[in-house]
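Here is a plain walk through the complex you have on screen. Keep the viewer open and click along as you read.

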Amino acid sequence: MAYSEVVMDHFKNPRNVGEMKDADGVGEVGNPICGDMMSIYIKVKDDRIDDIKFLTFGCGAAIAVSSMVTEMAKGKSLEDAKKITNKSVAQALAGLPTNKLHCSNLGADALHAAIQNYLDRQAGKADKETKRKDPHQHTHGDKCYCPYCDVEVEEASPVCVNCGRELEAAH
Amino acid sequence: MKVINLDYLASNPLLPQVQEAMIEAIRKSYGNPSSQHQIGDKAATALAKAREQVARLINAPSEKEVVFTSGGTESVNHAVKGVAFANADKGKHIVTSNIEHNAVLRSLRALKMMDYKVTSVPVDSYGRVNPDDVAKAIKDDTILVTIMHSNNEIGTIQPIAEIAKITRERKVIFHCDAVDSVGVVPVDVQKLGVDLLSFAANQFYGPSGVGGLYIRRGTRIWPLVDGGVQENNKRAGTENLIGIFGMGVAAELAVRDLDARMLHAGELKERLIRGLEARIEDIIINGHREFSLPNLVSVSIRYIEGEGVVLMLDEEGIAVSTRSACAAGALQASHVLLSIGRDFADAQGTLVLSFGITTTEAEIDRFVDALETVVRTLRNMSPLYLKAREAAA
């Protein structure tokens, strides 16, 4: 089994699962290619995340990430919750397999989207359509990286030299 | 508790008789069948016997038309690349289908880098190729048609004999990847009329790491592995005798027991589909109901993702396989499921259940019970399920 014990624990006993009908902010992120979808609901009191719930369609890692991110955010001030990153979630889970880092990057994104949605609502703005992430737009700077293992690849390369997976034209 | 194996396609048990043959081969420490002395003669005699056993399984006219390989993947690579290389003077066009195994797809990908051209014909919603599409795809410079006998994800069996009729008329070599069929359903190379046919021992209770390629006499093909004159000059390298002897015995038993195995698997399949349809809502049974492997069921469970199902069932002592992109490591939705019209989300929630001689009705029932619970748990945390319920309300 490639997953850490922490991941398996959060997958088997996910914390904060469920819908929140009277949420103050909702973050929905999805990944059309991999097929992961994540919704995070927050209840805010005195600029703190008073309650948080999630719904996730995705693999074991995605569920564990959702569970962990809700646990990390619960009780935190909005400012501190914004500082939670995909990386810190993965660290708290004692690591994720490299190909799952990519698949499970939704956790902090969904949380941040929920916070933004709360702030927008406070500012009187209407709910925005959540932007869907495309995992194949992983260009940092002018170099291209394999979306699966994050190793540098040549622009025109049809396969990743490191993990051997087929690459889409835009990576 | 005994683990319930519903992932027979990945691994099925070695039959006791197969184990014995392999252990005996180790104990006897056979020589090299290519040697010109008596140590080698014994090995050569035993190798010839295994070749006859395997030839009988696919009804090859002559055992000389059977080449032993390191498994299904090598057989497929050999067939596809070997024909491409040997016939490049005639043309560089190859016809295949949209739902082939990666062994075929990636062999073709390699050939495309060498300027070969590939036409891939579509399949219908059951995963069947229309032979007319193959006929239309064949051009003057077509040198090879490669279509699988049965699909490893949805079990659909192709009209191979009809396609072979076309390739014979058009004088194009036909390779059939029959890895998931040989030893499971009747496969007769003469009735099918194919030129090349790939198969593997581990699909019929033989060892993994050994397979075969049927090469009809007179077929223009190059070796894939170059070196000595073994395997009638078609596959160099000292033979894997231990594996081959195991395969020979497994082939003999497959011939003897094929009808009984098919009957047993077919009953389990019916029970499994009935159970799934009765107990779990919003599922799609994939593949053809008639032209299909008896030992495989593909089910798309809507609104959930397959890897979660695999992990949760594993906790319950049940082994299944998923075609979810996330679990595959490749992070790509199954090309087979997309080809038959499943969308990305439904492809994500697809399980491949495969079973065999040791599987019991009680195991099928226990699986359906466990799956019902797992599906409920995962759907209760799925935003897609919530949306579907809201839409229905």
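## The shared core

In this predicted model, the largest nonpolar core has 160 residues, and the ones touching the most other members are A:Ile42, A:Leu111, A:Ala114, B:Ile58 and B:Ala250. Helix α9(B) gives this core its largest share, 13 residues. As a general point, nonpolar side chains in soluble globular proteins tend to be buried together.

Take A:Ile42 as a way in. Setting aside neighbours within four places in sequence, A:Ile42 is in contact with A:Ala23, A:Asp24 and A:Gly25, with A:Ile49 and A:Ile52, and with A:Ala114, A:Ile115 and A:Tyr118. One of those partners, A:Ala114, is also among the core residues that touch the most other members.

## How far to trust it

For the complex, the predictor gives an ipTM of 0.83 and a pTM of 0.88. Chain B has a mean pLDDT of 95, with 98% of its residues at 70 or more. Chain A averages 81, and 68% of its residues score at least 70.

One stretch of chain A needs care: over residues 130–140 the pLDDT is below 50, although the model still shows 24 contacts there beyond near neighbours in sequence. Where pLDDT is low, the predicted coordinates should not be read in detail.

## Chain A at a glance

Chain A is built from six helices and six strands. Along the sequence they come in the order α-β-β-β-α-α-α-α-α-β-β-β. Of its 171 residues, 45% are buried. Looking at contacts in chain A with a separation of 6 or more, 58% are between residues 24 or more positions apart.

Two loop residues stand out for their backbone angles. A:Asp47, in the loop between β2 (37–45) and β3 (48–57) of chain A, has a phi near 60°, a positive value in a residue other than glycine. Is A:Asp47 buried or exposed? A:Asp47 is exposed, because it has 11 other C-beta atoms within 10 Å and the cut-off for exposed is 12 or fewer. A:Ala94 also has a positive phi near 60° without being a glycine; look for A:Ala94 in the loop between α4 (86–92) and α5 (98–103) of chain A. With 12 other C-beta atoms within 10 Å, A:Ala94 counts as exposed.

## Chain B and its two domains

The domain assignment splits chain B into domain 1 (4–10 + 258–392) and domain 2 (16–254). Taken over C-alpha atoms, the centres of these two domains are 29 Å apart. Their contact takes 22 residues from domain 1 of chain B and 21 residues from domain 2 of chain B.

On the domain 1 side, the elements giving two or more residues are α9 (241–279), β10 (296–301) and α12 (335–339) of chain B. Helix α12(B) makes the largest share of that side, with four residues. By class, the domain 1 side has eleven nonpolar, ten polar and one charged residues.

## Two helices with a buried face

Helix α4 of chain B covers residues 102–112 and includes B:Val104. Its buried residues are B:Ala103, B:Val104, B:Ser107, B:Leu108 and B:Leu111. Seen down the axis, they fall within an arc of 125°, so they line one face of α4(B). Covering them are, among others, α3 (72–86), β3 (93–97), β4 (117–121), β5 (142–148) and β6 (173–177) of chain B. B:Val104 itself is buried, with 24 other C-beta atoms within 10 Å. Beyond neighbours within four places in sequence, B:Val104 is in contact with B:Val76, B:Val80, B:Thr96, B:Thr146 and B:Asp177.

Helix α6 of chain B (residues 160–169) has B:Ile160, B:Ile163, B:Ala164 and B:Thr167 buried. Why do they sit on the same side of α6(B)? Because they cover an arc of only 105° around the axis. These residues pack against α5 (131–137), β5, β6 and α7 (189–192) of chain B. Strands β5 and β6 of chain B also help cover the buried residues of α4(B). Just after α6(B), B:Lys171 takes a positive phi of about 55°.

How values were computed: Residues numbered from 1 in each chain as written. Chains lettered and ligands numbered in written order. Predicted model: local features only at pLDDT ≥ 70, side-chain atom pairs only at ≥ 80, totals over all residues. Buried ≥ 20, exposed ≤ 12 C-beta atoms within 10 Å, placed from the backbone. Contact = placed C-beta atoms within 7 Å. Domains from an automatic or database assignment. Nonpolar A, V, L, I, M, F, W, Y, C, P; charged D, E, K, R; others polar. Arc of directions from axis to C-beta. pLDDT = per-residue confidence, 0-100. Core = buried A, V, L, I, M, F, W, Y, C linked by C-beta atoms within 7 Å.
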